[in-house]
Amino acid sequence: MMCFAAHYDTPIGGMTMASNGVALTALWFEGTRTTCFEGMTSATTALPVFDETRRWLDLYFAGEKPGFMPQLAPKGTSFQLRVWDLLLAIPYGETVSYGDMARRISPTMSAQAIGGAVGRNPIGIIIPCHRVIGADGSLTGYGGGLERKQWMLEMERKTNIIYLC
């Protein structure tokens, strides 16, 4: 299967988008992933999923709630997909702990298992793994770097206050 890639500039660093030609399969900050995608070719800006992703990211980084979702096709285990679905349910401007997420799946689920799945999220920002924090409120683990996680959470909180008024 072909994999296409495109670049996107954000206020907190460049990102790479990857697609199978129809849906977004990955989105990450450049320099944070070492995984190579077999068969990756460069894409034109005309790929519709990249246009939708750019529009979503433009709105997000302008401090707006996008209100739509580009077509997503993350690859993972059934457990990872379940956790990523839970991430999509975290409201804009809010956070949850790894333990809270674990309890949503099972009373015996460990926060560490959730952390492992969250850490393998291939579509950063759009599948909002940055909204998961430690039980004590600490900013733990983010593949894009804790500075970026803090920046996004602060931007979302400020914007969310505006929307609530």
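User: How many disulfides does the count come to here?
Analyst: Zero, going by the sulfur-to-sulfur distance rule. Keep in mind that this is a predicted model.

User: Okay, and what about Cys3, buried or exposed?
Analyst: Cys3 counts as buried, because its relative accessibility is 8% and the cut-off is under 20%. Cys129 falls on that side of the cut-off too, with a relative accessibility of 9%.

User: Switching topic: what is the secondary structure of the protein chain?
Analyst: The chain has five helices and six strands. In sequence order, the pattern reads β-β-β-β-α-α-β-α-α-β-α.

User: And what share of the residues counts as buried?
Analyst: 46% of the 165 residues in the protein chain. As for the surface, the chain exposes about 8400 Å², and 56% of that comes from carbon and sulfur atoms.

User: Which residues have the most contacts inside the largest nonpolar core?
Analyst: Those are Leu87, Met101 and Ile125, in a core of 38 residues. Among the elements that give two or more residues to this core are strand 1 (3-10), strand 2 (13-19), helix 2 (78-88) and helix 5. Helix 1 supplies the largest share, six residues.

User: Ile125 caught my eye. Where is its place?
Analyst: Ile125 sits in the loop between helix 4 (111-119) and strand 6 (132-133). Its phi is near 70°, a positive value in a residue that isn't glycine. For background, most residues other than glycine have a negative phi.

User: Is that loop residue buried or exposed, I mean Ile125?
Analyst: Ile125 is buried, because its relative accessible area is 0%. Beyond its neighbours within four places in sequence, Ile125 is in contact with Met15, Phe29, Trp56, Leu57, Tyr60, Phe61, His130, Tyr142 and Met152.

User: Let's move on to Arg148. Which helix is Arg148 found in?
Analyst: Helix 5, which covers residues 146-164.

User: What is the nearest side chain of opposite charge to Arg148?
Analyst: That's Glu147, 6.5 Å away. A salt bridge needs the charged atoms within 4 Å, so Glu147 doesn't make one with Arg148. Arg148 is nevertheless buried.

User: So what is Arg148 in contact with, leaving aside neighbours within four places in sequence?
Analyst: Ile12, Gly13, Phe29, Thr32 and Tyr142. Phe29 and Tyr142 also appear among the contacts of Ile125.

User: Last one: what percentage of contacts with a separation of 6 or more comes from residues 24 or more positions apart?
Analyst: In the protein chain, such pairs account for 59% of those contacts.

Technical notes
Residues numbered from 1 in each chain as written. Predicted model: local features only at pLDDT ≥ 70, side-chain atom pairs only at ≥ 80, totals over all residues. Heavy atoms only, no water. Helix = DSSP H or I, 4+ residues; strand = E, 2+ residues; numbered from the N terminus. Buried < 20%, exposed > 50% of the residue type's maximum accessible area, 1.4 Å probe, protein only. Lys, Arg positive; Asp, Glu negative; His and termini not counted. Contact = heavy atoms within 4.5 Å. Disulfide = S-S within 2.5 Å. Core = buried A, V, L, I, M, F, W, Y, C linked by side-chain atoms within 4.5 Å. Areas by Shrake-Rupley, 256 points an atom, 1.4 Å probe, with all protein chains shown as cover.
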